[in-house]
Amino acid sequence: MMRADYLEPNIGKTGAFGHKVKIKHVAAAYTVSATDDSGVLFCINQASAYTITMPDAAACGPGWHCSFMITTAASNAVIVAASSDDGNNVYAVSAGADGGSGGMASEGTAADDVTFISGATVGDKVDYVCDGTSWFVHGIAADVAHITIG
């Protein structure tokens, strides 16, 4: 049980109990860490084309999660890829604010990569959640075509 002498002065400062989202800025190839990067929001700069490699799902374990969001849009694709030991274990679905049909959907068939295409928009985002075996990805974008799976 939390003590009132802690709660009272700390409530509302930066969310409940002073919690802030961990942020990492990425502008070049990066390998996500199973031990250090759970809960991180990766801010993607599309100034160049590169790949972000996810850790093995088994190393992460159930409940491990992170997000990727375009914070600097440019004309380069950025790929979030399964590790070389994983593969065909990404299940994904996305929606677009444009209301368009299509978009990213693995439809029960696992894939390897999620790609923010050239021309993605600031704020386009995907969330990864692990169950210890697979990655479950939900995305939202200004245009349904901005995020693809392959």
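Strands here are DSSP runs of E with at least two residues, and helices are runs of H or I with at least four residues, both numbered from the N terminus. With that in hand, welcome to three loop residues: N89 sits in the loop between β6 and β7, S83 lies in the loop between β6 (78-81) and β7 (90-96), and D124 is found in the loop between β8 (113-116) and β9 (125-131). This is a predicted model, where local features need pLDDT of at least 70, side-chain atom pairs count only at pLDDT 80 or more, and totals for chains, interfaces and linings use all residues. Residues are numbered from 1 along each chain as its sequence is written, and side-chain values use heavy atoms, leaving out hydrogens and water.

**Burial**
- N89 counts as buried (under 20% relative accessible area, 1.4 Å probe, protein chains only) because its relative accessibility is 7%.
- S83 is buried too, at 9% relative accessibility.
- D124 is buried without a salt bridge (a side-chain nitrogen of Lys or Arg within 4 Å of a carboxyl oxygen of Asp or Glu); K125, the nearest side chain of opposite charge, is 12 Å away.

**Polar links**
- The D124 side chain makes a polar contact with the side chain of H146 at 2.6 Å (a pair of N or O atoms within 3.5 Å, one able to donate a hydrogen and the other to accept it).
- The D124 side chain also reaches the backbone nitrogen of T121 at 2.9 Å.
- D86 is approached by the S83 side chain, which reaches its backbone nitrogen at 3.1 Å, and by the N89 side chain, in side-chain polar contact at 3.2 Å.

**Distant in sequence**
- N89 and D112 are 23 residues apart in sequence, with C-alpha atoms 6.6 Å apart.

Methods
Buried < 20%, exposed > 50% of the residue type's maximum accessible area, 1.4 Å probe, protein only. Lys, Arg positive; Asp, Glu negative; His and termini not counted.
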